[in-house]
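Here are my notes for you, set out as numbered points. Please keep the structure open beside them as you read.

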Amino acid sequence: MDERSKKIQQILVIILFLNLMVAFAKIVYGTLTDTLSMKSDGYHSLFDGISNIVGIIAIFVAAKPPDRSHPYGHQKFETLASIIIAVLIIFVGFEIIHNSITRFTSDIQPTVTGMSFIVMIGTMAINLLVTEYERRKGEQLNSEILLADSIHTRSDIFVSLSVLVALVAIEAGFPIIDPLISLVIAAVIVKAGLKIIMKSSNTLCDAAQLEEDVICSLAYEVEGVRDCHKIRTRGCKGDIHIDLHIMVEPDMTVYEAHAISHRVIDNLKEKLKDVSEVLVHIDPFGEQK
């Protein structure tokens, strides 16, 4: 594995441990006090841990070099893992909705103690640290899976805030707020999952990653390039592929035209940090595009 992939895996292992610790605290105490919103939040955190495991496996596969079966590499396995994480998130959301609806017809009375507030505030503090750490590392390493998981973890903070509101309402004599807050939690979870799916689908569907004008302007910086057209980009952050056609003087030798194409490739890779592959097609100037 390359150094980037090792770092991402190490980060995911650290976050996995923290997520499991947070999940255990909320599920156990939520179960002991029959607080559905706290227990739902705990299962949300538990699936965070499962998504971390999926991510660790995906990063291992994505780090493999190109081969005969995957000549463009295995980078999209990381994107695929992001979608799997999102599906798990949405599944949890609908499970919480089911439990919330069931609670409306039950006679269970949740119990709120001082420890309930300590558990929620403590786990919120951990989630806040994890979110910022994961977002910063995701940007540094251009990792879709870290950035996707940081969005998910950020939603955990708002979920936990809503649980605190539920605890206060229960203490004030309004236990009906508990399943209502759980429904709000479910909505936040489902929204986060859909957001990740939309973003990751752009990569899997080869949506354009860069503006054509930016690529053309960089190509024109190379002496000898008379025109630039048929530009295509695809890939993901940290692994963008560019295909483009450039026109050169028709009386230029193959050697000279080849040298110009390499200068275009080098300039694009130097100026656009996320570009990993550039394919340049040479056309004679004056030929119809």
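1. Let me start with a residue in a loop. Asp34 is partly exposed because its relative accessible area is 35%, and the cut-offs put buried under 20% and exposed over 50%. The loop that holds Asp34 joins helix 1 (3-32) and helix 2 (36-62). Do look at the backbone there too: phi of Asp34 is near 60°, a positive value in a residue other than glycine. Most residues other than glycine have a negative phi. Please bear in mind throughout that this is a predicted model.

2. A second positive phi turns up in a strand. Lys230 has a phi near 50°, again in a residue other than glycine. Its place is in strand 1. Is Lys230 buried or exposed? Lys230 counts as exposed because its relative accessibility is 52%, and the cut-off for exposed is over 50%.

3. Now to strand 1 as a whole, which covers residues 227-236 and is mostly covered. Of its 10 residues, 7 are buried. Its partner is strand 2 (residues 239-248); the two run antiparallel and are joined by 8 bridges. If you would like one pair to find on screen, Gly235 stands opposite Ile240 in strand 2.

4. His241 is worth a visit while you are in strand 2, where this residue is found. With a relative accessibility of 9%, His241 counts as buried, because buried means under 20%. Which residues does His241 touch, leaving aside those up to four places away in sequence? They are Tyr72, Arg232, Thr233, Arg234, Ser276 and Glu277.

5. Compare that with Leu279, which lies in strand 3 (residues 275-284). Leu279 counts as exposed because its relative accessibility is 56%. Even so, Leu279 touches Ile242, Asp243 and Leu244, again not counting residues up to four places away in sequence. Leu279 and Asp243 are 36 residues apart along the chain, yet their C-alpha atoms are separated by 4.8 Å.

6. Stepping back to the overall plan, how many helices and strands does the protein have? The secondary structure comes to 8 helices and 3 strands. Reading from the N terminus, the order is α-α-α-α-α-α-α-β-β-α-β.

7. The overall dimensions also deserve a comment. The radius of gyration is 25 Å, whereas a compact globule of 289 residues would have one near 19 Å. Along the principal axes, the C-alpha atoms fill a box of roughly 85 × 35 × 30 Å.

8. As for packing, buried residues make up 47% of the 289 residues. Among contacts with a separation of 6 or more, 73% are between residues 24 or more positions apart.

9. Finally, a word on surface and charge. The protein exposes about 14,700 Å², and carbon and sulfur atoms supply 64% of that area. There are 26 positive and 35 negative side chains. How far apart do the centres of the two sets lie? They lie 2 Å apart.

Definitions and conventions. Residues numbered from 1 in each chain as written. Predicted model: local features only at pLDDT ≥ 70, side-chain atom pairs only at ≥ 80, totals over all residues. Heavy atoms only, no water. Helix = DSSP H or I, 4+ residues; strand = E, 2+ residues; numbered from the N terminus. Rg over C-alpha atoms; globule rule 2.2 N^0.38 Å. Buried < 20%, exposed > 50% of the residue type's maximum accessible area, 1.4 Å probe, protein only. Contact = heavy atoms within 4.5 Å. Areas by Shrake-Rupley, 256 points an atom, 1.4 Å probe, with all protein chains shown as cover. Lys, Arg positive; Asp, Glu negative; His and termini not counted. Charge placed at Lys NZ, Arg CZ, Asp CG, Glu CD. Pairing = 2+ DSSP bridges.
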